[in-house]
Amino acid sequence: MTSQEKKWKYKNEEEEKLAKYLIGLEEQALKKYFKGDMSGYKELWSKTNFSYFDANNDKRVDEHKQICDWLDKNLEGKMHSEKYEIVDPRVQFGVDIGILTYQLFADTNFVYMEYNVIEVFQKESDGVRRVVHSTWDKIKPYGKDHKIKEIK
């Protein structure tokens with residue numbers, strides 16, 4: 001699906017081009033993901049240096065093989081959505097690091113997803129940028145109707 005891109009101010013044209021490239025990698029992985037094909041993320045995520053947090057798991061995953069086994073068991077061939085949207089993607093840069101953040105809304109065959117997504121890309125020794133950390137966290141902190149009480 002087409003992402004809604006807000007025009008962020010990147011330092012230069014090269015940085016803007018790299019941001020679009022990283023967002024495109026994520027979009028390609030999601031396109032496969034929502035057709036039940038987990039290979040996009042298996043290829044995008046680093047095989048040598050990877051960690052993952054998900055709102056549905058109480059512990060961090062620290063290995064590429066572990067997350068791939070989980071995807072194979074729980075989602076491969078099972079996750080489907082015809083309607084999903086990437087909202088407000090942004091990439092922030094450091095030395096050989098790109099941090100992609102966006103919100104994901106998807107009407108899937110399992111649940112309606114509302115996630116804040118963080119993907120930390122790092123250039124690996126082979127020159128390819130892969131995700132070394134991924135977080136998918138539900139957007140509903142404290143519940144949507146939470147209000148901060150006045151301190152007395």
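This dialogue works through the nonpolar core and the two largest pockets of a predicted model.

User: Which residues have the most contacts inside the largest nonpolar core, and which elements give two or more residues to this core?

Analyst: The largest nonpolar core of this predicted model has 34 residues, and those with the most contacts inside it are Leu30, Tyr33, Phe34, Tyr41, Tyr102, Leu104 and Trp136. Two or more residues are given to this core by each of the helices H1 (13-33), H2 (39-44) and H3 (64-74), and by each of the strands E2 (83-94), E3 (97-107), E4 (112-123) and E5 (129-138). The largest share, seven residues, comes from H1.

User: What is Leu104 in contact with, leaving aside its neighbours within four places in sequence?

Analyst: With those neighbours set aside, Leu104 is in contact with Leu30, Phe34, Tyr84, Glu85, Ile86, Met113, Glu114, Tyr115, Val117 and Trp136.

User: How should I read the largest pocket, and which residues lie nearest its centre?

Analyst: In general, rolling a probe the size of a water molecule over the atoms shows where empty space is left. Here the largest pocket has a volume of about 350 Å³, and of the 21 residues that line it, Tyr33, Asp54, Asn56, Met113 and Tyr115 lie nearest its centre. Strand E1 (51-54), H3, E4 and E5 each give two or more residues to this lining, which divides into 15 nonpolar, two polar and four charged residues.

User: What classes of residue make up the lining of the second largest pocket?

Analyst: That lining has four nonpolar, two polar and five charged residues, and includes Lys11, Glu14, Phe93 and Arg129. The second largest pocket has a volume of about 220 Å³, and the largest share of its lining, three residues, comes from H1.

Conventions
Residues are numbered from 1 along each chain as its sequence is written. This is a predicted model: local features need pLDDT of at least 70, side-chain atom pairs count only at pLDDT 80 or more; totals for chains, interfaces and linings use all residues. Side-chain values use heavy atoms; hydrogens and water are left out. A nonpolar core is a set of buried Ala, Val, Leu, Ile, Met, Phe, Trp, Tyr and Cys residues joined through side-chain atoms within 4.5 Å. Buried means under 20% relative accessible area, exposed over 50%, partly exposed in between (1.4 Å probe, protein chains only). Helices (H or I, at least four residues) and strands (E, at least two) are DSSP runs, numbered from the N terminus. Contact means heavy atoms within 4.5 Å. On a 1 Å grid over the protein atoms alone, a cavity is a set of points where a 1.4 Å probe fits but cannot get out, and a pocket is an open set with protein on both sides within 12 Å along at least five of seven lines; lining residues have an atom within 4 Å of a point. Grid points are joined across faces, edges and corners, and a volume is the space filled by probe spheres set on the points. Ala, Val, Leu, Ile, Met, Phe, Trp, Tyr, Cys and Pro count as nonpolar, Asp, Glu, Lys and Arg as charged, and the others, Gly among them, as polar.
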